[in-house]
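Visitor: Could you take me on a close look at the salt bridges here, and at the parts of the chain they join? I would enjoy one connected account.

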Amino acid sequence: MNNKIRVARAEVRMTQQQLADAVCVSRQTINAIESGKFVPSTVLALKIARTFGKQVEEIFSLEEGE
């Protein structure tokens, strides 16, 4: 799964910690999602997208063959 969290954070000048606080997870969780080491739950993906005012598909996408 690909994601554009880092880009979305940069657009609004938000740190990993600020995003983590907004969605009630640790900064390490945000880091793991951004680096592709962790796939978020549906609820967490929705919370992240809502934080940026975007649809889930604007933040997350499946890789070819997934």
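Guide: Gladly! A word on terms to begin with: a residue is called exposed when its relative accessible area is over 50%, buried when that value is under 20%, and partly exposed in between. Please keep in mind that this is a predicted model.

The structure holds 3 salt bridges. Let us start with glutamate 34, which pairs with arginine 6, their closest N and O atoms being 3.1 Å apart. Glutamate 34 lies in helix H3 (residues 27-34) and arginine 6 in helix H1 (residues 5-11), so this bridge ties together parts that are 28 residues apart in sequence. Glutamate 34 also forms a salt bridge with arginine 9, and here the closest N and O atoms are 2.5 Å apart. That second pair again links distant parts of the chain, with glutamate 34 in H3 and arginine 9 in H1, 25 residues apart. Taken together, Arg6, Arg9 and Glu34 are linked in a network of salt bridges.

How do the members of this network sit with respect to the surface? Glutamate 34 has 9% relative accessibility, so it counts as buried. Arginine 9, at 11%, counts as buried too, whereas arginine 6, at 47%, counts as partly exposed.

The remaining bridge takes us to lysine 54, which pairs with glutamate 11, the closest N and O atoms being 3.5 Å apart. Lysine 54 belongs to the loop between helix H4 (42-52) and helix H5 (56-59), while glutamate 11 is in H1; the two are 43 residues apart, and the pair links distant parts of the chain. Glutamate 11 has a relative accessibility of 52%, so it counts as exposed. Its partner lysine 54 is partly exposed, with a relative accessible area of 26%.

Since that loop comes after H4, let us look at this helix as well. Leu44, Ala45, Ile48, Ala49 and Phe52 are its buried residues. Seen down the axis of H4, they fall within an arc of 135 degrees, so they line one face of the helix. The face turned away from this buried side carries the exposed residues Thr42, Val43 and Arg50. Among the elements that cover the buried residues of H4 are H1, helix H2 (16-23), H3, H5 and strand E2 (60-61). H1 and H3, the helices that hold arginine 6 and glutamate 34, thus appear again in the cover of H4. Right after H4 comes glycine 53, with a positive phi near 70 degrees.

Key:
Residues numbered from 1 in each chain as written. Predicted model: local features only at pLDDT ≥ 70, side-chain atom pairs only at ≥ 80, totals over all residues. Heavy atoms only, no water. Salt bridge = Lys/Arg side-chain N within 4 Å of Asp/Glu carboxyl O. Helix = DSSP H or I, 4+ residues; strand = E, 2+ residues; numbered from the N terminus. Buried < 20%, exposed > 50% of the residue type's maximum accessible area, 1.4 Å probe, protein only. Arc of directions from axis to C-beta. Contact = heavy atoms within 4.5 Å.
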